[in-house]
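Trainee: Could you walk me through this one? I'd like to start with how the chains meet.

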Amino acid sequence: MKRHTAKGLLILMGLVAMAMPAQAEELKSLRGSRDLAAGSEPPEINREISDDRPIPRNYVQQPPLIPHKTEGYRIDRNYNKCLSCHSWANYQQAKATKIPPTHFVGRDGKELANVSAARYFCTQCHVPQTDTRPLVENEFEPVKALK
Amino acid sequence: MLESTNKKRFKWGPYLFGGVAGMVLLAAFLGELHYSATEKFCISCHEMEANVYMEYKETAHYMNKSGVRAICTDCHLSQHLVQKVGRKVKAVNEVFQHFKGTINSREKFIEKRLHLAEKVWAEMKANDSRECRSCHSAKSMDYTKQSKRAMEQHIKGDDEKKTCIECHKGIAHKLPDMQTIDPSAVIGI
């Protein structure tokens, strides 16, 4: 019994000694050596650009970017705020671009009388812009036909 | 002789009582006018608190960069005494409908919503959006400081004698099913 305890103690001391140098080194997470307790700097607040001219497209099939603010514009089954300006009935009054005929084609390729449900939630494809710098450099060039 | 027996002592009692009672009533009336024009009163009904109030809290009239808030009565109650009292008389029906339970669930409220909204739109159109204008005066609006879309539409709206509510529906609450108002802006099939 006594011999066992002494042996155990010895092994334990050996293990502790082995772990010592590792513990002295600073803890490192995958994000590098960062003081996790210090908290991070809050990101810059992004503000939507308020009206601008239509933004040039980079390729033909691109959903055009939204050149105006969309804050508070609600899209639900009762009403679509975007269509209050972009529908065929309203675009002239609102001086907006009318939605193209592609938006009246259903999932199965059938032409519909009103906006297809697949296109109803505009912001799935069309996004507003903010005034921030891009996070990574981008060297994308539009096709020659659009330049 | 006759004269002196007829000459009864002038009785102050009833007049004094009437005067005091009148003052109390007037104070109560003004107090009521005042209390019932607070946000607390408007949302003391569950119908208002659970529906329109919750939605309004997400809009610019509840919180914005300038910190100026428009409360229920700013948009729904005239500042002029006569119209104010007129609206209160109509509100008696609303209290009655509350106890009848006309819109005591979300479902019932949504069913009645178009009807309720149409009443508000009609009223605002008829009075040239008077309550909006008590804060937003077209005369003191600098269109050139507004966004391009706002500026163009406001100039056009002035020319066509349009009123605020014709273009600004749903600014403080969610809208009802708009199928009958603008079929081009609701979900098709």
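Trainee: Which residue does R74(A) meet in a salt bridge?

Mentor: The side chain of R74(A) pairs with that of E58(B), at 3.6 Å from N to O; a salt bridge here is a side-chain nitrogen of Lys or Arg within 4 Å of a carboxyl oxygen of Asp or Glu. Please keep in mind that this is a predicted model, in which local features need pLDDT of at least 70 and side-chain atom pairs count only at pLDDT 80 or more, while totals for chains, interfaces and linings use all residues. Residues are numbered from 1 along each chain as its sequence is written, chains are lettered from A in the order in which they are written, and side-chain values use heavy atoms, with hydrogens and water left out.

Trainee: How many salt bridges are there across the interface of chain A and chain B?

Mentor: The rule finds 2 between those chains.

Trainee: And how many residues does each chain bring to the contact?

Mentor: Chain A brings 27 residues and chain B brings 22, where contact means heavy atoms within 4.5 Å. On the chain A side, N78(A), Y79(A) and Q93(A) lose the most area to chain B, together 27% of what that side buries, and buried area is the accessible area (1.4 Å probe) that two parts lose on being put together, summed over both.

Trainee: What's the total area buried between them?

Mentor: About 2,100 Å², with carbon and sulfur atoms giving 45% of that.

Trainee: New topic: is E71(A) buried or exposed?

Mentor: E71(A) counts as exposed because its relative accessible area is 59%, and exposed means over 50%.

How values were computed:
Buried means under 20% relative accessible area, exposed over 50%, partly exposed in between (1.4 Å probe, protein chains only).
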